[in-house]
Amino acid sequence: MIKVERHITVERSPVDCFRYLADFSTCEQWDPAVYRAEKLTTGAPRVGSEFRLVVSVAGRRRTLRYRIEEMTAGQRLVLRGRAAGLETTETIKCTADGNNKCRIDYRGEFSLRGPLARFKPMLKPLTKRMVRHAMDGLQRALTINYTAPRQGWASYIADRSILAGEALFTDRGYFAMSNRSHAEFMDGRVVAVTGATGGIGRAIAAEYARLGARIVLIGRNSQRLADAAQYVHDFAGADATAVDTIEADLLDISQIQKAGAELLERHPQLDVLVNNAGAMFDTFEHSVDGIERTVAINLVAPFVLTEAVMPALLAAQGRVVNMSSGGMYAAKLDIKALAGTPDSHGALSAYARAKRALVALNAHWSRRYGDAGVIFNAMHPGWVATPGVADALPRFNAVLGPILRDARMGADTAVWLGASAAAARANGAFFLDRTPRPTALVPGTGFKPSQAQSLYAWLRNTTGIEIHVLR
Ligand SMILES: NC(=O)c1ccc[n+]([C@@H]2O[C@H](COP(=O)([O-])OP(=O)(O)OC[C@H]3O[C@@H](n4cnc5c(N)ncnc54)[C@H](OP(=O)(O)O)[C@@H]3O)[C@@H](O)[C@H]2O)c1
């Protein structure tokens with residue numbers, strides 16, 4: 001048997017530390033050896049809850065199944081793990097250590113069986129090293145960072161080299177982040193997510209729910225909304241009142257306004273709005289409001305919904321996350337071209353223009369509402385394997401499949417932007433992997449504040465909606 005003990009101290013309450021650890025699937029956020037972890041049982045973690053971990057050991061992936069054997073709420077957790085040739089018993093204890101500090105003690109017992117037992121002399125130091133790295137990761141994960149996010153020189157250079165920059169759009173970029181944790185809880189706060197019935201949006205909603213936020217899922221199909229709400233409950237172990245749904249087709253301005261009014265009525269304070277819904281269209285068609293559909297869903301829908309719920313965002317001093325795309329780097333802000341024409345329509349170019357305009361709108365909003373306390377940031381989720389990508393870009397999906405991100409990786413920055421103390425110190429920026437990135441890389445694609453203001457005027461004219469007047 002290999003026995004390993006280690007402890008760390010963090011500036012968090014034992015209750016917070018225990019809550020984060022009891023959903024043991026969070027270990028994928030802090031243990032560098034864990035590639036993937038998921039909770040297999042639904043509901044809040046309790047004795048009997050099971051987890052599946054995919055762990056990389058010496059370059060090979062192994063699957064372990066864990067079960068919570070004992071649990072003393074807020075204090076102690078005993079987990080038993082099993083894999084071929086390996087059985088582990090791991091005990092985690094959280095104890096108050098002075099003023100709002102917590103000491104976390106870890107004790108692991110690893111029994112090797114069969115052919116694996118022969119490698120014990122080699123595996124002992126490896127196991128100790130893995131535990132050390134995991135505990136260091138846990139300490140980082142639980143330590144709240146208040147520093148304003150900044151781009152380091154390595155990613156600055158990578159952004160300016162096409163190959164390195166695009167490589168970071170794959171899962172490599174996600175794994176290159178030094179901290180992937182979501183450990184800042186959001187009890188009592190309200191988060192609304194559009195496009196929450198699948199792909200990245202559903203993963204965003206699920207992670208916010210795990211942090212304790214009340215979630216409003218916005219989607220166009222009642223059955224898919226009900227399925228997504230069930231998924232979020234099961235993932236987060238949230239109670240039945242924590243997830244709410246609103247039905248609206250975001251290609252229709254009147255339905256968006258109705259959804260906004262409903263959201264305002266149910267939640268006079270909205271802490272986070274994630275404008276995630278988006279799509280790419282091969283053919284040129286107008287929405288019911290006479291707007292080219294790519295522009296309607298990726299630009300007009302976030303504009304109308306955000307303005308509609310602005311009183312609730314102002315009341316909560318909330319944050320807005322606008323889901324753009326790295327594709328926007330290919331386009332300049334061209335307001336006239338947003339109308340589109342059937343002859344010049346291309347799915348990718350229309351998408352790039354709309355996502356570029358969303359980044360310009362984000363910058364304008366941050367100036368317009370920043371002093372009133374609402375924070376706006378836009379982001380690129382990376383290249384993510386979702387139903388939308390499989391449908392719109394089947395060849396891209398087939399070729400890059402193995403290195404595409406999964407939905408939770410694509411969701412990461414959208415959750416961090418709404419939940420973390422560090423992200424509250426950014427406004428009007430464009431993020432990838434929790435790092436602010438340049439909004440223009442190709443010469444001639446940058447925009448001035450006056451152009452973003454003209455875009456805002458164009459959106460007001462095109463939609464005819466009332467915008468919020470600041471007093
Ligand atoms: N995946 C990527 O690699 C990638 C890269 C860059 C940016 N993005 C952006 O990330 C966001 C999410 O992308 P994804 O890949 O997760 O897309 P997805 O799998 O296609 O999911 C899109 C979501 O938007 C909803 N939606 C689409 N049209 C709608 C409408 N008219 N009314 C209401 N809801 C509507 C869909 O609802 P239904 O279930 O009803 O269809 C779905 O929930 C998008 O803004 C996308 O542009 C994605």
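Which residue of strand 5 is the bridge partner of Y66? Keep that in mind while you load things up, and remember that you're looking at a predicted model.

**Stop one: the hairpin partners.** Select residues 60-72, which are strand 4, and residues 76-83, which are strand 5. The two pair in the antiparallel sense, with seven bridges between them. Now pick out Y66 and look across to strand 5: its bridge partner there is G81.

**Stop two: the whole sheet.** Widen the selection to the seven strands, which make an open sheet ordered 1-7-6-5-4-3-2 with antiparallel pairing. At the edges you'll find strand 1 (2-10) and strand 2 (34-39), each of them pairing on one side only. Ignoring direction, neighbouring strands in this sheet are turned by 20° against each other on average.

**Stop three: helices on the sheet.** Add residues 14-22 to get helix 1, which packs on the sheet. Helix 1 touches strand 1, strand 4, strand 5, strand 6 (86-96) and strand 7 (102-112), and its direction makes about 160° with that of strand 6. Next, grab residues 120-142: that's helix 3, lying across strand 1 and strand 7 and running at about 15° to strand 1.

**Last stop: the ligand.** Show the 29 residues around the ligand, and label G195, G199, G278, T386 and G388, the ones that come nearest. Helix 7 (199-210) and helix 13 (387-392) are the elements that give two or more residues to this shell. Colour the shell by class and you get 12 nonpolar, 14 polar and three charged residues.

Note on methods:
Residues are numbered from 1 along each chain as its sequence is written. This is a predicted model: local features need pLDDT of at least 70, side-chain atom pairs count only at pLDDT 80 or more; totals for chains, interfaces and linings use all residues. A residue is near a molecule or strand if its C-beta atom, placed from the backbone, lies within 6 Å of it. Helices (H or I, at least four residues) and strands (E, at least two) are DSSP runs, numbered from the N terminus. Ala, Val, Leu, Ile, Met, Phe, Trp, Tyr, Cys and Pro count as nonpolar, Asp, Glu, Lys and Arg as charged, and the others, Gly among them, as polar. Two strands pair if DSSP finds at least two bridges between them. Axes are lines fitted to C-alpha atoms, for helices over the stretch in contact, and angles run from 0 to 180 degrees between N-to-C directions. Two residues are in contact if their C-beta atoms, placed from the backbone, lie within 7 Å.
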